[in-house]
Amino acid sequence: MDIADLGDRILRGERRALARAITLVESQREDHRAQATELLSHLAQSGRQSLRIGLSGTPGVGKSTFIESFGMMLIGQGLRVAVLAVDPSSARSGGSILGDKTRMERLSREKNAFIRPSPSQSHLGGVARRTREAIALCEAAGYDVVLIETVGVGQSETVVSELSDLFLLLLAPAGGDELQGVKRGIMEMADIILINKADGDLKATATRTCADYAGALRLLRKRPQDPEGFPKAMAVSAVEEHGLDKAWTEIQSLTDWRREAGHWQSNRAAQARYWFDQEVRHALLARLETAQAKAQMAQLDAEVSQGRLSPAAAAEKMLASLV
Ligand code: GDP
């Protein structure tokens with residue numbers, strides 16, 4: 001494969017080249033890994049940066065409807081939009097809900113949109129690493145906004161917040177009691193909470209839910225990366241396309257403020273350090289996957305379980321054999 005040519009085509013914004021490159025970064029093959037690294041280094045020089053928006057919510061809350069309406073609105077403003085998924089449930093089933101053709105039908109027909117289903121890998125860490133590289137590819141391809149979607153299952157929000165500049169939490173209108181259902185840790189990650197389905201019969205409930213969350217957000221510890229009034233809760237309707245422009249205005253004003261205050265840059269720097277650390281850990285663990293290392297692990301394991309070697313001494317032996 002001609003990596004330089006693939007890189008140039010991505011820089012020209014060719015969607016097929018982008019799709020091919022994402023397949024490359026998702027591959028587990030060692031030669032593909034080397035090519036992917038070469039490609040990413042080549043593209044890192046483009047200096048292009050997208051706004052990376054993380055979006056989470058439980059199934060049925062309206063994520064795909066929201067992404068479609070919101071994405072169409074952004075495209076209407078002349079922006080290019082990429083949608084990626086970090087989906088731990090599809091990692092389990094091996095399929096992908098985003099692969100479902102009925103999702104985001106309008107958006108998927110737009111030439112300024114790029115939608116990529118979640119990679120089917122066996123663990124969240126692996127999916128996250130590949131998604132991070134897919135984001136870098138979308139950035140190089142000149143997408144203005146990259147939406148990173150995840151189904152809310154606790155751990156996946158944390159991963160997505162490590163991948164994005166800004167985190168949106170999508171919630172459904174609900175009675176006051178259900179406010180307890182959202183874990184504090186997840187609320188603390190949100191920059192904007194969107195109460196979706198604020199239309200028809202649900203409108204009044206949505207307004208109340210929104211006020212409840214606004215109150216709850218005010219009780220959270222103040223974060224240095226927030227200007228006055230953030231994080232905030234807003235009611236929207238993805239179906240009726242209400243409140244989406246307002247949400248976008250808030251996203252932009254938050255981003256502008258963070259850029260001026262330097263928080264945007266320091267967040268990206270912290271994320272880069274985090275992912276460097278993850279890469280090293282991952283590579284170290286991969287060294288235990290060789291046949292030789294596995295055999296030695298098994299042998300030391302037996303010695304430890306028989307009490308012939310202490311766990312610490314066995315670990316030391318194991319590590320000594322790796323360097
Ligand atoms: P996802 O599982 O989070 O991606 O949710 P979907 O986007 O598939 O939406 C789940 C259901 O909620 C669908 O029947 C949608 O039509 C409905 N839905 C999504 N957004 C809205 C909205 O703004 N208002 C109303 N009333 N229904 C919505």
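A salt bridge is a side-chain nitrogen of Lys or Arg within 4 Å of a carboxyl oxygen of Asp or Glu. The exercises below apply this criterion, and others, to a predicted model.

**Exercise 1.** Determine which salt bridges Glu14 forms with Arg12 and Arg9, and how accessible the residues are.

*Solution.*
Step 1. Between Glu14 and Arg12, the N to O distance is 3.5 Å. This pair counts as a salt bridge because the cut-off is 4 Å.
Step 2. Glu14 also bridges to Arg9, where the closest N and O atoms lie 3.0 Å apart.
Step 3. Buried means under 20% relative accessible area, and exposed means over 50%. Arg9, at 19%, is therefore buried. Arg12 has 56% and is therefore exposed. Glu14, at 30%, is partly exposed.

**Exercise 2.** Locate the salt bridge between Arg281 and Asp277 with respect to helix 12.

*Solution.*
Step 1. The side chains of Arg281 and Asp277 meet at 2.6 Å, N to O.
Step 2. Both residues belong to helix 12, which spans residues 263–286. They are 4 residues apart, so about one helical turn separates them.
Step 3. With a relative accessible area of 32%, Asp277 is partly exposed.
Step 4. Elsewhere, shared partners link salt bridges into one network that joins Asp5, Arg9, Arg12 and Glu14. In total, the structure holds 22 salt bridges.

**Exercise 3.** Identify the residues that touch the most other members of the largest nonpolar core, and establish where this core lies relative to domain 1 and domain 2.

*Solution.*
Step 1. The largest nonpolar core has 50 residues; Ile10, Leu39, Leu137 and Ile193 touch the most other members.
Step 2. Helix 7, residues 124–140, gives the most to this core, contributing 7 residues.
Step 3. Domain 1 (1–45) and domain 2 (48–260) both supply residues, so the core lies between them.

**Exercise 4.** List the residues that Leu137 touches, leaving aside those up to four places away in sequence.

*Solution.*
Step 1. Two of the contacts of Leu137 are Ile10 and Leu39, which were named above among the residues touching the most other core members.
Step 2. The list for Leu137 also includes Leu18, Ala21, Ile22, Val25, Leu40 and Leu43.
Step 3. A second core, separate from the one just treated, comprises 34 residues, among them Leu51, Val81, Ala238 and Leu254.

Key
Residues are numbered from 1 along each chain as its sequence is written. This is a predicted model: local features need pLDDT of at least 70, side-chain atom pairs count only at pLDDT 80 or more; totals for chains, interfaces and linings use all residues. Side-chain values use heavy atoms; hydrogens and water are left out. Buried means under 20% relative accessible area, exposed over 50%, partly exposed in between (1.4 Å probe, protein chains only). Helices (H or I, at least four residues) and strands (E, at least two) are DSSP runs, numbered from the N terminus. A nonpolar core is a set of buried Ala, Val, Leu, Ile, Met, Phe, Trp, Tyr and Cys residues joined through side-chain atoms within 4.5 Å. Domain bounds come from an automatic or database domain assignment. Contact means heavy atoms within 4.5 Å.
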